[in-house]
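Subject: A structure for you to look at

Hi,

Here is the structure I promised to pass on. Please open it alongside this note, and I will walk you through what turned up.

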Amino acid sequence: MESETRFDGPDDARARLAAADLARGRLTTGLKLPRGLHPALAGAVAVQIGTAAVGIAEQSALGLGLLLAGLGVFLAVATWLLHRFRRINGVRVDGLTGRVVLGTGTTSSVAYVWGFGGATWAAFDSQWWLVGLAAVMGGVGYALGARQWWDAYRADPATHARGVSPQVLAMLALVAALGFVVLMVVG
Amino acid sequence: MPDLDPLIHAPARLQLVTTLTAVAEAEFSTLREALQVSDSVLSKHVSALVSAGYVRSRKGTHEGRRTTWVGLTDVGRRALHEHVAALRELIDVVD
């Protein structure tokens, strides 16, 4: 330990920083996304958008059930993907959680809002093919946002690693559940 | 000379906390492979940094076996930031 803490000036400082970056690089370059993450995520989001749009337009208990079922599919797929990532790599990255579950990031958010808005409008107008198209577009855009985050993370892991913690996610899930209860009571 | 943090100045500890900036938490053997150290060396450094509040560890499972998960605390993140800034300052002074 004595020799490890001795310090030999600027060259030593450079070497220590380089070795630390190298160690972090060894970890991050070895990380892999679960096979089929992007198609699975795109599909789950498309299902969620489509069922939510139809459910809202239906304005009935059946519609609400459809909406909740779609949300359940999305949450199940997202949870499975995050579990697979952790199992494959032996790490948890909160940035990935934020991108996969909450769609944080410009591309995912914009794609989701446009997809959801378009699908809902189309559902009220009973244009079912347009509901499907908007849902698929929203899902693909959402998955594209996750892909962009992954590329950015691989290039600069320290900057992009942080995101939403499991505690915050649990709180958001609780708030969402309360929101649904309120909607059901008021509706 | 800028203030260097003796707790993370040793190369293995600097590598450990730097590596942890890339993740929320990492499983023990994953960290060991990234740092290329033995179980005992990593365990010793993790214990010292946990005692200092720089790192947190918890028992958990990975691939069906019991293991330890390690993550950087906010205190550790700040300490690393200041230590790296001090090292860069040293390099800049000479350059």
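Let me start at one pair in the sheet: Thr61(B) stands opposite Arg66(B), which belongs to E3(B). Please keep in mind throughout that this is a predicted model.

**The sheet**

Thr61(B) and Arg66(B) face each other across two strands, E2(B) and E3(B), which are antiparallel and joined by 8 bridges. These two strands make a hairpin with 2 residues between them, and in the turn Glu63(B) has a positive phi of about 50 degrees. E3(B), residues 65-72, has 6 of its 8 residues buried, so this strand is largely enclosed by the rest of the structure.

What is the strand order of the open sheet? Its 4 strands run E1(A)-E1(B)-E3(B)-E2(B), with antiparallel pairing, so both chains contribute to the sheet. At the edges stand E1 of chain A (91-92) and E2 of chain B (55-62); each has a single partner strand, so one side of each is left without a neighbour in the sheet.

Moving through the sheet from E3(B), you come to its antiparallel pairing with E1(B), made over 2 bridges. Here Glu27(B) has Trp69(B) of E3(B) as its bridge partner. E1(B) also pairs with E1(A), again in the antiparallel sense and over 2 bridges. In that pairing, Val91(A) is matched with Ala26(B).

**Around Thr21(B)**

Just ahead of E1(B) is a residue I would point you to. Thr21(B) sits in the loop that links helix H1 (11-20) to strand E1 (25-27) of chain B. Is Thr21(B) buried or exposed? Its relative accessibility is 6%, so Thr21(B) counts as buried. The side chain of Thr21(B) comes to 2.5 Å from the backbone oxygen of Thr18(B).

Beyond its neighbours within four places in sequence, Thr21(B) has contacts in both chains. On the chain A side these are Arg24(A), Pro157(A), Ala158(A) and Ala161(A), and on the chain B side Leu72(B), Arg77(B) and Leu80(B).

**The nonpolar core**

The largest nonpolar core has 63 residues, and those touching the most other members are Val93(A), Tyr153(A), Leu20(B), Val23(B) and Val55(B). Setting aside neighbours within four places in sequence, Val93(A) contacts Phe85(A), Trp149(A), Tyr153(A) and Ala161(A) in chain A. Val93(A) also contacts Ala22(B), Val23(B) and Ala24(B) in chain B. Ala161(A) is thus a contact of Val93(A) and also of Thr21(B).

**Helix H2 of chain B**

How many of the 8 residues of helix H2 (residues 28-35) of chain B are buried? The count is 6, so this helix is largely enclosed by the rest of the structure. The buried residues of H2(B) are Phe28(B), Ser29(B), Thr30(B), Leu31(B), Ala34(B) and Leu35(B). Directly after H2(B), Gln36(B) adopts a positive phi of about 55 degrees.

An unreviewed UniProt entry lists residues 13-91 of chain B as "domain: Winged helix DNA-binding". In the model, this stretch is 61% helix and 24% strand, with its end C-alpha atoms 20 Å apart.

**Chain A**

Chain A has 9 helices and 1 strand, and from the N terminus its elements follow the pattern α-α-α-α-β-α-α-α-α-α. Of its 187 residues, 41% count as buried. Among contacts in chain A between residues at least 6 apart in sequence, 73% join residues at least 24 apart. Chain A exposes about 9900 Å², with carbon and sulfur atoms supplying 67% of that area.

For chain A, an unreviewed UniProt entry gives "transmembrane region" at residues 62-83, 95-116, 128-147 and 168-186. In the model, residues 62-83 are 100% helix, and their end C-alpha atoms lie 31 Å apart. Residues 128-147 are also 100% helix, with 29 Å between the end C-alpha atoms.

One last spot to look at is Gly118(A), which lies in helix H6 (residues 106-124) of chain A. At 25% relative accessibility, Gly118(A) counts as partly exposed. The C-alpha atom of Gly118(A) is 9.2 Å from that of Gly138(A), a residue 20 positions away along the chain.

Happy looking, and best wishes

Terms used. Residues numbered from 1 in each chain as written. Chains lettered and ligands numbered in written order. Predicted model: local features only at pLDDT ≥ 70, side-chain atom pairs only at ≥ 80, totals over all residues. Heavy atoms only, no water. Buried < 20%, exposed > 50% of the residue type's maximum accessible area, 1.4 Å probe, protein only. Polar contact = N/O pair within 3.5 Å; in protein donor to acceptor, adjacent residues only side chain to side chain. Contact = heavy atoms within 4.5 Å. Core = buried A, V, L, I, M, F, W, Y, C linked by side-chain atoms within 4.5 Å. UniProt positions renumbered as here; feature names shortened; annotations may be inferred. Pairing = 2+ DSSP bridges. Areas by Shrake-Rupley, 256 points an atom, 1.4 Å probe, with all protein chains shown as cover.
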